Amino acid sequence: MDEEFEGDLSEESNLKRAERRKEDRVVRKIVYILTIGILIVAGILAISGYNYVSAGLKPLDKNDKKLVQVEVPSGSSNRQIGDILEDGDVIRDGMVFNFYTKFKNLTNFQAGYYQFSPNMTLDQISKELQQGGSAEPLDDASKLTVPEGYDVDKIASLIAKKTDFKKEDFIKVMKDEKFFEQLKTQYPDLLTDASNAKDVRYRLEGYLFPATYNVHKNRSLENLVTQMVDTTNQVLTPYYNQIKEKGLTVQEVMTLASLVEKEGVTQSDRKKIAQVFFNRIDAQMPLQSDISILYALGEHKEVVTIKDTEVDSPYNLYTNTGYGPGPFDNPSQEAILAVLDPTENDYIYFVADISTGKVYYAKTYEEHMELVEKYVNKEK
């Protein structure tokens with residue numbers, strides 16, 4: 001009897017243990033599923049948050065250069081300024097702007113009226129806010145648009161026409177070595193090569209980025225030039241390592257870009273022409289760009305004569321090999337990228353049809369002269 005009872009207890013105990021094990025397995029399975037679910041949700045939230053912040057850090061629309069006027073009231077916090085910029089369709093998210101400025105420890109934002117565009121970065125906007133706005137609403141007269149390919153002299157004339165500054169005052173700033181040294185200290189990656197260049201006309205030629213700038217009455221010419229140089233630095237910052245890897249200097253890149261800017265109209269041609277220039281340099285041939293002659297002459301003319309190509313100047317790339325002293329104008333980002341990523345080819349010459357603008361390429365001088373006769377001399 002006792003043995004039978006003990007057997008019943010043992011069987012019941014086994015059943016309970018089996019049931020507990022089953023329950024434990026179910027619990028572990030539930031916990032496992034919940035853990036996986038939580039991790040998936042956390043991962044989705046983390047990715048979504050990262051994408052959200054990443055999008056907020058980028059310009060709202062990199063292709064939209066339209067200026068939007070906003071007013072920053074006195075005493076506005078970074079968060080309030082972010083909301084103002086978001087409401088004005090200047091940036092994507094005011095909260096991201098607030099976090100960005102806090103993370104970068106950006107302070108001393110000034111009250112006033114500003115004109116920003118959706119293609120500006122948070123860093124550009126922040127620097128504008130630190131420099132201060134206008135006490136009065138801004139109008140079109142306060143906007144200065146520097147076209148792509150303008151050289152220092154043409155920018156000086158434009159500034160004299162569009163602002164209260166004089167042309168000679170801008171040229172004086174361009175020749176101010178002390179001011180240049182200050183900029184070089186601020187932007188060493190950008191301007192160190194330019195500081196080492198010999199026989200340059202203007203050390204900042206090539207580094208005044210073509211864009212639209214706000215010209216406030218309470219700011220100096222030096223402040224305007226700093227904006228231009230800062231924009232160039234922001235454009236080039238992602239490519240400094242690439243420039244070094246290619247064995248080039250920033251001065252060489254900007255010099256070729258300034259030629260490519262004027263020699264090519266389409267990006268496809270710019271990339272091909274950039275490679276033609278590299279081919280000529282590798283072959284120790286002069287670049288023979290008319291752009292260099294016009295810069296050496298200091299004039300803008302339609303036709304370059306044989307006599308013009310004999311001008312005694314370090315900028316004459318008909319008589320001098322290599323890159324020359326430095327840039328011949330201030331190139332666009334597209335021209336810079338064409339130099340950094342040229343289309344591989346083995347052409348040595350190129351010529352444009354004077355009526356259509358289409359560019360034709362040649363590997364030999366004979367082929368080149370045939371193209372010149374066909375597309376340039378056809379009207380003569």
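In this predicted model, the largest pocket has a volume of about 1,700 Å³. Its lining takes in 47 residues, and the ones nearest the pocket centre are Glu263, Asp290, Glu302, Val304 and Tyr318. Several elements chip in with at least two lining residues each: helix 11 (250-263), helix 12 (267-282), helix 13, strand 5 (349-352) and helix 15 (365-375).

Stepping back to the whole chain, the secondary structure adds up to 15 helices and six strands. The protein chain has 380 residues, and 45% of them count as buried. Looking at contacts with a separation of 6 or more, 64% are made by residues 24 or more positions apart.

Next comes the nonpolar interior. In soluble globular proteins, nonpolar side chains tend to be buried together. Here, the largest nonpolar core is made up of 71 residues, and Phe170, Leu204, Leu208 and Val225 have the most contacts inside it. Apart from this core lies another one, with 17 residues, including Val68, Val72, Ile91 and Leu106. Back in the largest core, Leu208 gives a feel for the packing. Once neighbours within four places in sequence are set aside, Leu208 is in contact with Val152, Ile155, Phe170, Met174, Val225, Met228, Val229, Thr232 and Asn330. Two of these partners, Phe170 and Val225, are themselves on the list of residues with the most contacts inside the core.

Aromatic rings also meet up in this model. Searching the whole structure turns up ten aromatic pairs, and ring pairs tie Phe277, Tyr347, Phe350 and Tyr361 together into a cluster. Arg201, meanwhile, sits over two tyrosine faces: that of Tyr295, at 4.2 Å from the ring centre, and that of Tyr315, at 5.5 Å from the ring centre.

Tyr315 turns up again around Pro325, as one of the residues that this proline touches. Pro325 belongs to the loop that runs between helix 13 (290-297) and helix 14 (333-340). Is this loop residue buried or exposed? Pro325 has a relative accessible area of 8%, so it counts as buried, the cut-off being under 20%. Leaving out residues up to four places away in sequence, Pro325 touches Ala197, Lys198, Asp199, Val200, Gln251, Pro314 and Tyr315. One of these partners, Asp199, is 126 residues away along the chain, yet the C-alpha atoms of Pro325 and Asp199 are separated by 5.9 Å.

How values were computed. Residues numbered from 1 in each chain as written. Predicted model: local features only at pLDDT ≥ 70, side-chain atom pairs only at ≥ 80, totals over all residues. Heavy atoms only, no water. Core = buried A, V, L, I, M, F, W, Y, C linked by side-chain atoms within 4.5 Å. Buried < 20%, exposed > 50% of the residue type's maximum accessible area, 1.4 Å probe, protein only. Contact = heavy atoms within 4.5 Å. Phe/Tyr/Trp six-rings, centres within 6.5 Å; stacked < 30°, edge-to-face > 60°. Lys NZ or Arg CZ within 6 Å of the ring centre and 35° of its normal. Helix = DSSP H or I, 4+ residues; strand = E, 2+ residues; numbered from the N terminus. 1 Å grid on protein atoms, 1.4 Å probe; cavity = no way out; pocket = protein on both sides within 12 Å on 5 of 7 lines; lining within 4 Å. Points joined across faces, edges and corners; volume = space filled by probe spheres on them.
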